[in-house]
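Colleague: I am new to this structure. Could you walk me through it?

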Amino acid sequence: QVQLVESGGGLVQAGDSLRLSCAASGGLFSYIMGWFRQAPGKEREFLAAITWNSGSSYYADSVKGRFTISKDNAKNTVDLQMNSLKFEDTAVYYCAAQAPGMGRYGSWGQGTQVTVSS
């Protein structure tokens with residue numbers, strides 16, 4: 001099971017950009033890596049995913065065009081570039097990994113807080 005550590009969260013103003021990073025231990029061959037978030041009182045929300053082998057990416061409609069997921073094979077990291085941040089983007093952001101054939105995200109990071117002031 002891979003271990004995941006997120007970084008890059010913080011306090012920003014509406015309209016600002018922020019880049020989150022997820023460092024993974026262990027090999028990620030054929031993994032799907034995802035970013036999620038959970039705001040207070042709300043369910044966890046899928047944001048974006050990327051397949052490690054092909055680099056194909058997928059986005060939730062709520063962030064499409066503002067957020068970009070990317071990976072760095074050499075560093076074993078997955079980043080989430082967030083632009084034009086809004087107050088409603090305030091949440092704890094989590095990185096997750098889905099092992100080949102599992103059909104679900106089985107490894108999760110501890111989360112990083114993103115707070116957007118209006």
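The questions below go from the basics to single residues.

Colleague: What kind of model is this?

Modeller: Residues are numbered from 1 along each chain as its sequence is written, and side-chain values use heavy atoms, with hydrogens and water left out. Local features need pLDDT of at least 70, side-chain atom pairs count only at pLDDT 80 or more, totals for chains, interfaces and linings use all residues, and the model is predicted.

Colleague: Which two residues form the disulfide?

Modeller: A disulfide is a pair of cysteine sulfur atoms within 2.5 Å. A search of the whole structure finds one. The sulfur atoms there are 2.1 Å apart, and the residues are C22 and C95.

Colleague: How many residues apart in sequence are the parts that C22 and C95 tie together?

Modeller: Strands (E, at least two residues) are DSSP runs, numbered from the N terminus. The link of C22 and C95 is left-handed, with -75° about the S-S bond. C22 lies in strand β3 (residues 18-25) and C95 in strand β9 (residues 91-98), so the disulfide joins parts separated in sequence by 73 residues.

Colleague: Are C22 and C95 buried or exposed?

Modeller: Relative accessible area decides: under 20% is buried, over 50% exposed, and in between partly exposed (1.4 Å probe, protein chains only). By that rule, both C22 and C95 are buried.

Colleague: Which residues have the most contacts inside the largest nonpolar core?

Modeller: A nonpolar core is a set of buried Ala, Val, Leu, Ile, Met, Phe, Trp, Tyr and Cys residues joined through side-chain atoms within 4.5 Å. The largest has 30 residues, and the most contacts inside it belong to M33, W35, L80, M82 and Y93. Strands that each supply at least two residues of this core include β3, β4 (32-38), β5 (45-51) and β9.

Colleague: Which residue 105 places away along the chain has its C-alpha atom 6.2 Å from that of V12?

Modeller: V12 is in strand β2 (residues 10-13). V12 counts as buried because its relative accessibility is 11%. Leaving out residues up to four places away in sequence, its contacts (heavy atoms within 4.5 Å) include L18, L85 and V116. The C-alpha partner at 6.2 Å is S117.

Colleague: What is the angle between the ring planes of F36 and F46?

Modeller: Rings of Phe, Tyr and Trp (its six-membered ring) pair if their centres lie within 6.5 Å; planes under 30 degrees apart are stacked, over 60 edge-to-face, the rest tilted. Four aromatic pairs turn up in the whole structure. F36 and F46 form an edge-to-face pair, 5.6 Å centre to centre, with a plane angle of 70°.

Colleague: Why is the pair of F36 and W108 called tilted?

Modeller: F36 is buried at 9% relative accessible area, while W108 is partly exposed at 28%. Their ring centres are 4.9 Å apart; the pair is tilted because the planes meet at 55°.

Colleague: Which residue has its charged end over the ring of W108?

Modeller: A charge sits over a ring if NZ of Lys or CZ of Arg is within 6 Å of the ring centre and within 35 degrees of the ring normal. W108 belongs to a cluster with F36, F46 and Y105, linked by ring pairs. The charged end over the W108 ring is 3.9 Å from its centre and belongs to R44.

Colleague: What is the phi of S84?

Modeller: S84 lies in the loop between β8 and β9. At 43% relative accessibility, S84 is partly exposed. S84 is not a glycine, yet its phi is positive, at about 50°.

Key. Helices (H or I, at least four residues) and strands (E, at least two) are DSSP runs, numbered from the N terminus.
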